[in-house]
Structure formats: structure tokens, C-alpha cells
Amino acid sequence: MSSADSPVPVDYGRVFTSAIDRLHAEGRYRVFIDILRNKGMFPNARCFAGHNGPKPITVWCSNDYLAMGQHPKVIAAMEEALHDVGAGSGGTRNIGGNTHYHVDLEHELADLHGKENALLFTSGYVSNEATLSTLAKVLPGCIVYSDELNHASMIAGIRNSGCEKRVFRHNDLAHLEELLAADDANVPKLIAFESVYSMDADIAPIAEICDLADKYNALTYLDEVHAVGMYGPRGGGISDREGLADRLTIIEGTLGKAFGVMGGYIAADQMIIDVIRSYAPGFIFTTSLSPVLVAGALASVRHLKGSSEERDGQQAAAAKLKAMMADAGLPVMASTTHIVPLMVGDPVKAKKISDILLAEYGVYVQPINYPTVPRGTERLRFTPGPAHDEGMMRDLVDALVEIWGRLELRRAA
């Protein structure tokens, strides 16, 4: 064989370098900030970026919406569990990793959503991916109808199921019905959607989607990760607030946002839980959550079932920050939820604003770029909590106004 016919070895390093270079060129290379929160003083934290020791900062982008990760009941429960049973879970739920803490928390979550049972996963991502992929495989010929703004974990689950899917325009009931009506009435159908969409901060028409599910004999799967703990008289989410939980087939949630710890779960009737528990690789073959984490989540869920103080404080803070931003002429996106998105529309500028806020003002907020949001809709996403006071908000808004002027960014109309 001549030298001209010799195979050219793949330059793996060049391929990987090129992939990272593309992210830098597009302004969407992700940088993870090195911080530590100050126990009992959230949203205050320490940032370790740079070489002059930790710098005090204020955190404005945490998904620990109610600061329950700092709550004395949660910390005490985790400390007690640590000293009672030790650190790790000991394995999968099937082999050594099932504890009384897990059983108790699943009972509490089932009760929270008015369902027969619940099932814990290691994260909200895993609960979505594992449940949706498994459910659609178990239902022969299933078609999944997915809102176009569904989270990446839901998209991954639907894709991994190998079933047919239909993507309907965001919160567009007419389009959803058009798709449902066009398919065979005799095949299994599943409508998958979220309650609170975390990037646009809007809410799904849950009742109307349930009406369509009833009309076309479809199951419903509602992702409540940005709503559990936050809405409803007991923190069961938007479906709890609107009295609709009983109309939904499966409700999925997280323990890592408003509940302040870690983990994900689904709540449904006993048979569906048993199917997922028995067939989902993402549940069967992974080490279960540490009982220390489960104990903390259990304390948080129980507390928020009986306390609206944290929810009320967070909602008041979000409303105040939105009003202050609007009054200052900043392009805050309209929303009726606890999330405060500020439109930038450019990935490089969004990163630049974030960098200036951290370096010059001690404000930590991450830019949200593609693929989390569509290109051209890059933004900053603020999540004020009950401990963000008016002085912090005033300092933040003043800093944003100065940076908007410095970078000659478009103001709100």
C-alpha cells in the first residue's frame, strides 16, 4: 500500500479543542464560579475567584428559592441522620440502599400531591429521563406530545424511549388539539409539559391540557420542579394551588430547588409507581440518595407543608424586584411567577454583564445562553428569595443601570 493510501490518524486533541473554541467564539463557554455560602446568612456567600482570598458576594441566581438549604430544621435533621446511620446509602434501593428515611419521604411526597405513592430518584433530571423513557416503552405504540419549551431532561427521556413524538407550540392549546386529533384514537398518548417554565417564567394552562387529555384519552405528565414548595397551600405546586393534582396522571418534582436539598421524584397511582420502579434503569441501577440528604429533604417538605411564611416572603421579594427594575427602565420580562428574567439578547454581552457584576459589585448572577434559551434571547435570571432585602435590591438595580449605560444596551420601552 502506498503512502498516499495510508490512513490518516484522527487528531483527537484538535477535534476537542475545536469544539471548545466554538463555544468561546459564540460567547457561551460556561464558567463555574467558585463560592461557598455562609451558613445561616444566605444570600451572603464567599467567592474564591482571583488570588486575594475569598471576597464577599450576594447570590442572586440560586434555585434554593426559599433558602431551605439553610433552615435550622433541615440542618438539624441532616446532622441527626448522619450521627444515627452514617454517610452513604449503601447501594441501590434493591441492594442495601433502601432506608426508612426513603420510605418516609416517599409517603410525604405522595401525600403532598394527593397520590397513592411516590418514587425517589437522585435528581430531577434523572426522574424525568427515567420515567418518560420507561413509560413510553411500556405503552406499545405510544405517542408523546411535548411542549416545545420542555426541559432538556424531558426531551432526553422522550428521545430515549424511541417512541413517536409530537412537539406542540409553547402553551398553544389549539396546536396541541390539532396534533391529538390527527393521530389514531386507539394508540396510547402521553402529554408532557411543565407548570412553571423557568426561563420565560410563565405558567402552563394545566386545566385546559387536562381537558384535552380527557377528550383524547391521553395520560398527563406534569413537571413541577420550579413550583413544588413554592405554590399551593401546602407547597404542592401550581397543580396544588389550582386544585388540579387529582386530574394529572404523574406529577414530577425536585428536592433540590425550593426544598433546598437534592433529589427528584414522581408521584402517581401505585401501579404506575410500581412499573417505573420495576422497569426504569435510571432507578434500578443507581446508588440511592444518601439518608442524610433524604432526612434533610423530609424535614423541608414537612416544614413547608405547614408554613407559608417562606413562600409569601419570596413572592413579595420577586414582585418588588420586578417593579424596581421596570421603574428603572431595565428590560425585565413580564411574568407572574417567582422568577425575574432580564432580557439581554446577546451571549457575549450577557456574560460581560455577569462578569462586571461579580468583579465590581459583588453580585453573582449567571448568564443564561443557548441551548438553555433560544439564540437571540440570552438573559440574566434573578431568583430573589425571602432574605433579599430592599437595600440589596436597590444596590442591584443601581449596578444594572450603570452597566446598561456603560455598555450602551437597549433600555425598556
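# A friendly tour of a predicted model

Modeller: Welcome! In this predicted model, the charged end of arginine 375 sits over the ring of tyrosine 370, 3.9 Å from the ring centre.

Biologist: Thanks! Tyrosine 370 is joined to proline 371 by which kind of peptide bond?

Modeller: Most residues other than glycine have a negative phi, and most peptide bonds are trans. Proline 371 is placed in the loop between strand S15 (367–368) and S16. Between tyrosine 370 and proline 371, omega is about 10 degrees, and the bond is cis.

Biologist: What is omega for the cis peptide bond that joins phenylalanine 42 and proline 43?

Modeller: To find this bond, look at the loop between S1 and S2, the place of proline 43. The cis bond there joins proline 43 to phenylalanine 42, with omega at about 15 degrees.

Biologist: Let's turn to the sheets. What is the strand order in the open sheet of 4 strands?

Modeller: Strand S2 (residues 44–47) pairs with S3 in the antiparallel sense over 4 bridges. S3 is also joined to strand S14 (residues 363–364) by 2 bridges, and these two run parallel. Strand S1 (35–37) and S14 each have a single partner strand, so they stand at the edges. The pairing is mixed, and the order is S1-S2-S3-S14.

Biologist: Which residue in S3 is the bridge partner of cysteine 47?

Modeller: A few bridges help to fix the register here. Arginine 46 has proline 56 as its bridge partner in S3, and threonine 58 stands opposite valine 363 in S14. For cysteine 47, the partner in S3 is lysine 55.

Biologist: And which are the edge strands of the open sheet of 7 strands?

Modeller: This sheet has mixed pairing and the order S4-S12-S11-S10-S7-S5-S6. Its neighbouring strands are turned by 20 degrees against each other on average, direction ignored. Pairing on one side only marks the edge strands, which are S4 and strand S6 (164–168).

Biologist: In S11, which residue is the bridge partner of tyrosine 221?

Modeller: Start with strand S10 (residues 219–223) and strand S11 (residues 250–254), which run parallel and are joined by 3 bridges. Tyrosine 221 has a bridge partner in S11, namely isoleucine 250.

Biologist: At about what angle does helix H6 run to S6?

Modeller: Helix H6 (residues 173–182) lies across strand S5 (143–147), S6 and strand S7 (189–194). In the loop between S6 and H6 lies asparagine 171, whose phi is positive, near 55 degrees. As for the helix itself, H6 runs to S6 at about 155 degrees.

Biologist: Which helix gives the most to the largest nonpolar core?

Modeller: That core has 55 residues, and those touching the most other members are Leu105, Leu109, Ile191, Phe193, Ile206 and Leu255. Leucine 255 has contacts that include Leu105, Leu109, Ala297 and Val301, leaving aside residues up to four places away in sequence. With 6 residues, the helix that gives the most is H11 (residues 291–306).

Biologist: How many residues are in the second, separate core?

Modeller: Among its members are Ile57, Trp60, Met324 and Met392. The size of this second core is 37 residues.

Biologist: Why is the pair of tryptophan 60 and phenylalanine 382 described by that arrangement of rings, and what is it called?

Modeller: The two residues are 322 apart in the chain, with phenylalanine 382 in strand S16 (residues 379–382). Tryptophan 60 counts as buried at 1% relative accessibility, and phenylalanine 382 is buried at 0%. The ring centres are 6.5 Å apart and the planes stand at 75 degrees, so the pair is edge-to-face.

Biologist: How far apart, centre to centre, are the rings of phenylalanine 121 and phenylalanine 283?

Modeller: This pair links strand S4 (residues 117–121) with helix H10 (residues 281–284). Phenylalanine 121 is buried, with a relative accessible area of 3%, and phenylalanine 283 is buried at 8%. The planes are 70 degrees apart, making the pair edge-to-face, and the centres are separated by 5.8 Å.

Biologist: Last one: is isoleucine 95 buried or exposed?

Modeller: You will find isoleucine 95 in the loop between H2 and helix H3 (100–113). The cut-off for exposed is over 50% relative accessible area. Isoleucine 95 has 59%, so the label is exposed.

Note on methods: Residues are numbered from 1 along each chain as its sequence is written. This is a predicted model: local features need pLDDT of at least 70, side-chain atom pairs count only at pLDDT 80 or more; totals for chains, interfaces and linings use all residues. Side-chain values use heavy atoms; hydrogens and water are left out. A nonpolar core is a set of buried Ala, Val, Leu, Ile, Met, Phe, Trp, Tyr and Cys residues joined through side-chain atoms within 4.5 Å. Buried means under 20% relative accessible area, exposed over 50%, partly exposed in between (1.4 Å probe, protein chains only). Contact means heavy atoms within 4.5 Å. Rings of Phe, Tyr and Trp (its six-membered ring) pair if their centres lie within 6.5 Å; planes under 30 degrees apart count as stacked, over 60 as edge-to-face and the rest as tilted. A charge sits over a ring if NZ of Lys or CZ of Arg is within 6 Å of the ring centre and within 35 degrees of the ring normal. Two strands pair if DSSP finds at least two bridges between them. Axes are lines fitted to C-alpha atoms, for helices over the stretch in contact, and angles run from 0 to 180 degrees between N-to-C directions.
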